[in-house]
Amino acid sequence: MINQLYTVNKNNMLKIFNTLGRKKEEFRPLKKKQVSFYQCGPTVYWTQHIGNMRAMVIADLIRRSLEYLGYKVTFARNYTDVGHLTSDEDEGEDKIEIAARRDKLSPRAAADKYIAVFEQDVKDLNCLEPKFKPRATQYIPQMKKMVQQLLDKGFAYSTDLAIYFDVSKAKNYTQLSGQDLSKNISEKGKAEVSDPRKKNPADFALWFFKAGVHKNALQYWPSDFSSPLAKNGEGFPGWHLECSAMNKALFGPALDLHLGGVEHIPVHHTNEIAQSEAASGVKFVNYWIHNEHLNVDNGKMAKSQGTAYSLQEIKDRGFDPLVLRYFFLQAHYRSKQNFTWEALISAQSALAGWREKILADKQQKKGKINRDFKDKFLAALRDDFNLPQALAIAWNLLKSDLAGGDKLATILDFDRVLGLNLDQIKAEKIPKKILALAESRQIARREKNWSESDRLREEIARLGYKVLDAKDGYQILPR
Ligand code: AMP
Ligand code: ZN
């Protein structure tokens, strides 16, 4: 009996590498065949770079994989438009205010501007729309409610400058990061902390008052907390609180999957867990997944070095955004990926090769999805969303000697996950002159007049086309 169950699970269960516990685990959603999925979205103070875009494509690939595996996915990705300071550890200026000053716009207009750029970018990369796109400034009442709960339960305290979460009260504060907090505290203790009344350097702000360095804050709301500890006045939420409150509003106290960049493990996500679990008393997230970063020329992407490329720069150099998506497919989400222009050019020619093969298959009779290839593809997705392997399987399919119609049906089925718009490839209308040259070349070949057939091939190439010879004919493609 047990044995039998084990075999079934072994073959068909999705396994996900959970940062909590750091191992691959069988995925069991809270509700059968349904998945609640949240991704920490962009702080909308600048055009996002292609590293950020990698994170967005990864989320989209995971979401599409889950749907392909038969789950109903409710996906949320937020916009941070207040409270994210230049340092993730409560120091510095609000990034949206920096943008507002730089662009001479109101904070709201600056956020709107970068949300519009971002939405175009994710659309170009063929990422499906999330069900929810919560904007932090629209969830202030929910955030204040959570602060109040934390005050009431004794997890939070107030100084003149902020309301803090007291990490010494949290159960298992380091469960996600596994960091040594005593070491962490002493390290942070050495750093400059702008609030001397903070009890513990690791305590983090739930709410900043419009005071001290933030006395000229541009975005603020009444801080009408009813607690002897909390100071009244005006203020704005801390960044970590936003994700906790938006999650709770959209999904309730618990959700299945939460994704973010690896840099969020020690601070942002650690703090999200602490405050959510302190407020609700239940486990916040069952599976934490973290994406690795994109490097450029083997270094960290940096605006100062001109390597924080935007999607616009990729397009300006003549690349189809889907080439970048294909490039992202080549690395697993838990691996670093290195961007170079050469690597993007290789992705471009690989994708062109796919399109060519698919175009050829489109000329054949419609076939059916091949079970063997599909099973391999499914197995790759079930193994912690192994998209590079899935991509290799798709390549093998295209190179296989399956009937063209079956190949086409199968690759279009895979494209529900890959998202390369393979159903939209169309044969260009080939000019009559090219058709005539190709026909003459075919005659020359039949007569074994190789010099003439080569000459015609070159002429066709000069006019921007190429001829591919097949067993029973030939095909003309744009070069
Ligand atoms: P931010 O706007 O800085 O909050 O970042 C938005 C998202 O992009 C977050 O999920 C980050 O973890 C992610 N991210 C930032 N830099 C990179 C990078 N170089 N590679 C991949 N993801 C990144
Ligand atoms: Zn977040």
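This report walks through the zinc site, the domains and the nonpolar cores of a predicted model.

Let's start with the metal. The zinc ion (ligand 2) is held by Cys40, Cys243, His268 and Glu272, with donor atoms 2.1 to 2.7 Å from the ion. Along the chain these donors follow the spacing C-x202-C-x24-H-x3-E. The angles among the 4 donor atoms run from 77 to 129 degrees, and the site is irregular. Four donors would count as tetrahedral only if all angles lay between 85 and 135 degrees.

Two of the donors share a helix: His268 and Glu272 are 4 residues apart in helix α8 (residues 265-280), so about one helical turn separates them. Both have little accessible area, as the table shows.

| Donor residue | Relative accessible area | Class |
|---|---|---|
| His268 | 1% | buried |
| Glu272 | 0% | buried |

Now for the wider layout. The domain assignment splits the chain into domain 1 (15-291), domain 2 (295-424) and domain 3 (432-478). Between the C-alpha centres of domain 1 and domain 3 there are 60 Å.

What about the interior? The largest nonpolar core has 81 residues, and those touching the most other members include Phe37, Leu66, Trp354 and Phe414. Helix α2 (residues 50-68) supplies the largest share of this core, with 11 residues. Because domain 1 (15-291) and domain 2 (295-424) both contribute residues, this core lies between them. Leaving aside residues up to four places away in sequence, Phe414 touches Tyr68, Phe373, Lys374, Phe377, Ile393, Ala394 and Leu397. There is also a second, separate core of 52 residues, with Ala162, Tyr173, Ile265 and Ala278 among them.

Terms used: Residues numbered from 1 in each chain as written. Chains lettered and ligands numbered in written order. Predicted model: local features only at pLDDT ≥ 70, side-chain atom pairs only at ≥ 80, totals over all residues. Heavy atoms only, no water. Donors = N, O, S within 2.8 Å, 3.2 Å for Na, K, Ca; no water. Tetrahedral: all angles 85-135°; square planar, octahedral: opposite > 155°, others 65-115°. Buried < 20%, exposed > 50% of the residue type's maximum accessible area, 1.4 Å probe, protein only. Domains from an automatic or database assignment. Core = buried A, V, L, I, M, F, W, Y, C linked by side-chain atoms within 4.5 Å. Contact = heavy atoms within 4.5 Å.
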